[in-house]
Amino acid sequence: MAANDYVKFVTQQLVAYMDLPKEERKKKRIQRKQEKPPLAYHWFGMIPLSLRLLFRRHS
């Protein structure tokens with residue numbers, strides 16, 4: 001991807017974002033935050049899940 005193409009793409013994305021109403025931008029931001037996986041899974045992958053399942057099985 002040439003530098004000119006990259007600048008064009010970034011400009012298009014920025015203009016599309018700025019054209020959205022403020023309320024809709026807030027809704028999208030909140031929705032993205034809610035869709036994120038928990039921090040433990042993000043940093044450590046499947047280890048917390050496997051430990052949780054292991055301890056539930058033995059309880």
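Helices are DSSP runs of at least four residues, numbered from the N terminus. The legends below refer to a predicted model.

**Figure 1. Close-up of Trp43 in helix H3.** Trp43 is exposed because its relative accessibility is 61%, and the cut-off for exposed residues is over 50%. Trp43 is one of the residues of a nonpolar patch on the surface, and helix H3 covers residues 39-44.

**Figure 2. The nonpolar surface patch.** Besides Trp43, the patch takes in Leu39, Phe44, Ile47, Leu51, Leu54 and Phe55. Together the residues of this patch have about 810 Å² of accessible area. Two elements, helix H3 and helix H4 (47-58), each supply two or more of the patch residues. Helix H4 makes the largest contribution, giving four residues.

**Figure 3. The positive surface patch.** Lys22, Lys26, Lys28, Arg29, Arg32, Lys33 and Lys36 make up a positive patch on the surface. Among them, Lys33 belongs to helix H2, which spans residues 22-35. Lys26 is also a residue of helix H2, as is Lys28. Lys36, in contrast, sits in the loop between H2 and H3.

**Figure 4. Accessibility of four lysines in the positive patch.** Lys33 has a relative accessibility of 60% and therefore counts as exposed. Lys36, with a relative accessible area of 58%, is likewise exposed. Lys26 is classed as partly exposed because its relative accessibility is 47%. Lys28 is partly exposed too, its relative accessible area being 39%. The partly exposed class lies between the limits of under 20% for buried and over 50% for exposed.

**Figure 5. Arg25, a buried residue of helix H2.** Arg25 lies in helix H2 and is buried, yet the residue forms no salt bridge. Glu23 is the nearest side chain of opposite charge, at 7.9 Å from Arg25. A salt bridge would need a side-chain nitrogen within 4 Å of a carboxyl oxygen. With neighbours within four places in sequence left aside, the contacts of Arg25 are Tyr17, Met18 and Leu20.

**Figure 6. C-alpha separations from residues of the positive patch.** Lys28 and Leu39 are 11 residues apart along the chain, and their C-alpha atoms are separated by 20 Å. Lys28 is a member of the positive patch, while Leu39 is a member of the nonpolar patch. A second pair linking these patches is Lys26 and Ile47, which are 21 residues apart along the chain, with 33 Å between their C-alpha atoms. Lys36 and the buried Arg25 are 11 residues apart in sequence and 17 Å apart in space, C-alpha to C-alpha. Of this last pair, Lys36 is placed in the loop between H2 and H3, and Arg25 in helix H2.

Note on methods: Residues are numbered from 1 along each chain as its sequence is written. This is a predicted model: local features need pLDDT of at least 70, side-chain atom pairs count only at pLDDT 80 or more; totals for chains, interfaces and linings use all residues. Side-chain values use heavy atoms; hydrogens and water are left out. Patches are made of residues with over 30% relative accessible area and no salt bridge: like charges are joined within 9 Å, nonpolar side chains (Val, Leu, Ile, Met, Phe, Trp, Tyr) within 5 Å. Accessible areas come from the Shrake-Rupley method with a 1.4 Å probe; for residues, only the protein chains shown count as cover. Lys and Arg count as positive and Asp and Glu as negative; His and the chain ends are not counted. The place of a charge is taken as NZ of Lys, CZ of Arg, CG of Asp or CD of Glu. Buried means under 20% relative accessible area, exposed over 50%, partly exposed in between (1.4 Å probe, protein chains only). Contact means heavy atoms within 4.5 Å.
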